[in-house]
Amino acid sequence: MLSPLADLTRRKAARSARTSSWDQRGRNQDYWTTPAHSSRVLADLEGPGQITHIWMTQFCRRTLGPGLIDPLEADTVAPVMEIHNALGVNWEEPDPDYYRKVLIRITWDDEEEPAVLVPLGDFFGVGHCMPNSYQSALFTVSAKPEESLIFGGSAALNCWAPMPFGKRARIELVNENDLPIQQYFYIDYELFPEPLPEDTLYFHARWNRSNPCNGWAPDIQTNSPEVNIADVTGEDNYVILDTEGTGHYVGCNLSVHHRQGSWWGEGNDMIWIDEDFLPDGTTVWPPSLHGTGTEDYFNHAWGMQKNAYLYHGAILHEADVPGYSVNYRFHVTDPVRFEERIKVSVEHGHGNHLSDDWASTAYWYQTLPSPRASILPLEQRLPVRPADAPMPAPAPRTGAVAEEIAQMRERYRARFERHMEHLAERTRLRGERSLQESQANTEQAAKVRHRYNERTHG
C-alpha cells in the first residue's frame, strides 16, 4: 500500500490552478453574494483534471434593526459589521438554519444527474447546522470558540477528497433560503494532459434524513429487556446509502438528535453487497457486513468519545450539547467495494425501537452515469431546535413620555424601512457582480486549459 505522501516524491504531468471568490476589482470584498432563491456557479472546468481541495466560509444573517452605517456606503469593504454586532450600531443575527437551506451541487462530465447534492453544512460535517472544529483525513471544520456549537455559527470548511473529472466539472451553490448568502471559496484543481484512465471512479455524495425514524418503542428505555427483540431482516433500518453501479463506499457522517434522554447508539450496522440482493428484490441474511452497534461502526466503544481522528471520530458530542451528536467514519484504507449494488444501513436503537432524528451524508466513488439525485424539500431539512422564549410585550406608558415613545417608534420604523431598502439594493448589486465574476472565472479557467493544451500538445 502506498503512503498518502508518496506523490510528493514523484514528478507528475499536471497543471495546478484555482477558481475563487476573489474581488476582481482588486478591492477587499472577496466574497460572492447569492441572493435568495438563486444559484451561483462556483467553478466550471474543462477536463481532464481533478479537484484537489475545496475551502469555504460564509455568513448568512438576518437584520433585526436599522444600522447607523448605510449599507450602500459599506458596499466595497470587508464584512466587519456583518460578523459581530456593535451595540447600537448594527443589529443582526445569523440565520440558524442556513447550513441546510443552501445546497452544494456537483456534476461531472455533463451528466444529467449531479454526483453531489447535499446541504452545504452536512457535506463538510456541520450537522444540525451547529459547527464545531474537528479534523479528519477528508474533511475539517475550523470554528472560533464563540461561533462553535451554536446554530448558524460561522466556520471554515475544508474538503480534501480527490475528485477527478474527464470532460467537465461544474460546482454550484444553490440558495433555497429567503435570505442572501455571502460565500468565500477556493476550489483548487489540477489539469492533466491525457485522458483519465479507464478504471477511474468518480466522487459522489448524497444526503438522507428520517425525522422521526420509525421506532416501534420510543417510550421504552434503551437496553431494557423488552426492546431486545430479534432483528433478522434489517428491513426497518435507517438507510445511509442504496445505489447501483461499480465502485466503493468510503464513509459517512451521521447527525442524531436523541429525544429520549437515554442512549441512541444501540443499533447494528448492516451492509448488503451485490449477490446479497436476490432477483426478486429481497436480500439474503445475514448481509456481507454485519456489525455489533452504532458506536462500534464509528470505531468508538461504550458510547461515543470526544475524539476526532483521521478516519473516525465525533464532531459534536452529547457532552457539548445534550441530545445532539455528529459522528463520522471514513473507509479510506478499507473501502467497501461493490460491482453492482450496495446498501448501507444502521438500526436506530436495537431492533429499530427509537424514533430519533437521523440525518446522514454518504460518500462513495463509482463509475458514471451518476444515479438519480433527489433531496428532501427545505422544510423537511431544517434542524430541530429548542424553542426560544417569547419576547415580553412592551409595557404601557402614559402622559408626555408616551407621546415621545410613539414618536421614537415611528422614527425607528422609518429608519428601519430605509435601511432595508438600501440593504436590498446592495444585495442586488453584489449579486450582479458575483454573476459577472462567475462568468469571468469560467473564462479564466478556459484560458488556463487552452494555454496548458498548447504547451503540452503544441
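**Why we call it that: strands, pockets and a helix**

User: Which residue in S11 does valine 141 stand opposite?

Analyst: Valine 141 faces leucine 157 in S11. Before going on: this is a predicted model, where local features need pLDDT of at least 70 and side-chain atom pairs count only at pLDDT 80 or more, while totals for chains, interfaces and linings use all residues. Residues are numbered from 1 along each chain as its sequence is written, and side-chain values use heavy atoms, with hydrogens and water left out.

User: What makes S10 and S11 a pair?

Analyst: Two strands pair if DSSP finds at least two bridges between them. Strand S10 (residues 139-142) and S11 have four, in the antiparallel sense, so they pass. S4 is also joined to S11 by four bridges, again antiparallel; there, isoleucine 54 has cysteine 159 in S11 as its bridge partner.

User: And what makes S11 a strand at all?

Analyst: Strands are DSSP runs of E with at least two residues, helices are runs of H or I with at least four, and both are numbered from the N terminus. S11 covers residues 156-159, so it qualifies. Over the protein chain, that way of counting gives four helices and 24 strands.

User: How do you know that both faces of S11 are covered?

Analyst: In a regular strand, side chains alternate between the two faces of the sheet. Here Ala156 and Asn158 are on one side, Leu157 and Cys159 are on the other, and all are buried. "Buried" means under 20% relative accessible area, "exposed" means over 50%, and "partly exposed" is in between (1.4 Å probe, protein chains only). In the protein chain, buried residues make up 53% of the 458 residues.

User: Why is methionine 408 called partly exposed?

Analyst: Methionine 408 has 42% relative accessibility, which is why it counts as partly exposed. This residue is in helix H4. Methionine 408 is 341 residues from glycine 67 in sequence, with 15 Å between their C-alphas in space.

User: How do you know that H4 has close to its expected reach?

Analyst: The expected span is 1.5 Å times one less than the number of residues. H4 has 58 residues, giving 86 Å, and its first and last C-alpha are 84 Å apart, close to that value. Just after H4, glycine 458 takes a positive phi of about 80 degrees.

User: What makes S16 an edge strand?

Analyst: S16 belongs to an open sheet of four strands in the order S16-S23-S18-S19, with antiparallel pairing. S16 (238-244) and S19 (289-290) each pair on one side only, which makes them the edges. S16 pairs with strand S23 (residues 341-346) over six bridges; in S23, valine 346 is the bridge partner of tyrosine 238.

User: Why is one space called a cavity and another a pocket?

Analyst: Rolling a probe the size of a water molecule over the atoms shows where empty space is left. On a 1 Å grid over the protein atoms alone, a cavity is a set of points where a 1.4 Å probe fits but cannot get out, while a pocket is an open set with protein on both sides within 12 Å along at least five of seven lines; lining residues have an atom within 4 Å of a point. For volume, grid points are joined across faces, edges and corners, and the space filled by probe spheres set on the points is taken. The structure has two cavities of 30 Å³ or more, and the second largest has about 30 Å³. The largest pocket has about 1700 Å³ and 33 lining residues, with Pro4, Asp7, Gln50, Pro162 and Val332 nearest its centre.

User: How many residues in that pocket's lining are nonpolar, polar and charged?

Analyst: The lining of the largest pocket has 21 nonpolar, seven polar and five charged residues. Ala, Val, Leu, Ile, Met, Phe, Trp, Tyr, Cys and Pro count as nonpolar, Asp, Glu, Lys and Arg as charged, and the others, Gly among them, as polar.

User: How do you know that the chain's radius of gyration agrees with a compact globule?

Analyst: The rule, over C-alpha atoms, is 2.2 Å times the number of residues to the power 0.38. For 458 residues that is near 23 Å, and the protein chain has 25 Å, so the two agree.
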